[in-house]
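Biologist: I'd like to go through this one with you and hear what backs up each label. Can you pull it up?

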Amino acid sequence: RPAVERRFIALLMTEREELGDQLRHALSLLKSAGYGIDWRKLLRDIEAWSHPERLVQRRWARHFWRSLERTDENTEEGEE
């Protein structure tokens, strides 16, 4: 999990011009884990990647850490 977080943070910090390589790695990980990809939404996000307020990166970060919190909560409930 720490490796996934580091890779995700690196993706969020990537400038638009270098997004291709980072995104390719992230998409491979998602695919191997069985996640589907909304290609239209991804394209819109890539187009907005360079927004000065980093709106896409903020939204991705919120979703990412929320999903980790839910995973942690489910794991803790299963351990009890």
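Modeller: Sure, bearing in mind that it's a predicted model. Take the spot after H2: that helix is followed by Gly34, which has a positive phi, near 90°.

Biologist: And H2 itself, what makes its length close to the expected one?

Modeller: With 14 residues, H2 reaches 20 Å from first C-alpha to last, and 20 Å is what you'd expect at 1.5 Å a residue.

Biologist: Which residues of H2 are buried?

Modeller: Leu19, Leu23, Ala26 and Leu27. They're called buried because each has under 20% relative accessible area.

Biologist: How do you know that they sit on the same side of H2?

Modeller: They cover an arc of only 100° around the axis, so they share one side of H2. On the other side, Arg24 and Ser32 are exposed, meaning over 50%.

Biologist: What does Leu19 touch?

Modeller: Leaving out residues up to four places away in sequence, Leu19 touches Leu11, Thr14, Ile46 and Trp49. Leu19 is also among the residues with the most contacts inside the largest nonpolar core, which has 15 residues.

Biologist: Which helices supply that core?

Modeller: H1, H2, H3 and H4 each supply at least two residues, and the largest share, 5 residues, comes from H4.

Biologist: What about the largest pocket, how many residues line it?

Modeller: It's lined by 25 residues, with Phe8, Leu30, Tyr35, Trp60 and Phe64 nearest its centre. Its volume is about 950 Å³. H4 gives the most to the lining, 7 residues.

Note on methods
Residues are numbered from 1 along each chain as its sequence is written. This is a predicted model: local features need pLDDT of at least 70, side-chain atom pairs count only at pLDDT 80 or more; totals for chains, interfaces and linings use all residues. Side-chain values use heavy atoms; hydrogens and water are left out. A nonpolar core is a set of buried Ala, Val, Leu, Ile, Met, Phe, Trp, Tyr and Cys residues joined through side-chain atoms within 4.5 Å. Buried means under 20% relative accessible area, exposed over 50%, partly exposed in between (1.4 Å probe, protein chains only). Helices (H or I, at least four residues) and strands (E, at least two) are DSSP runs, numbered from the N terminus. Contact means heavy atoms within 4.5 Å. The expected span of a helix is 1.5 Å times one less than its number of residues. The arc is that of the directions from the helix axis to the C-beta atoms. On a 1 Å grid over the protein atoms alone, a cavity is a set of points where a 1.4 Å probe fits but cannot get out, and a pocket is an open set with protein on both sides within 12 Å along at least five of seven lines; lining residues have an atom within 4 Å of a point. Grid points are joined across faces, edges and corners, and a volume is the space filled by probe spheres set on the points.
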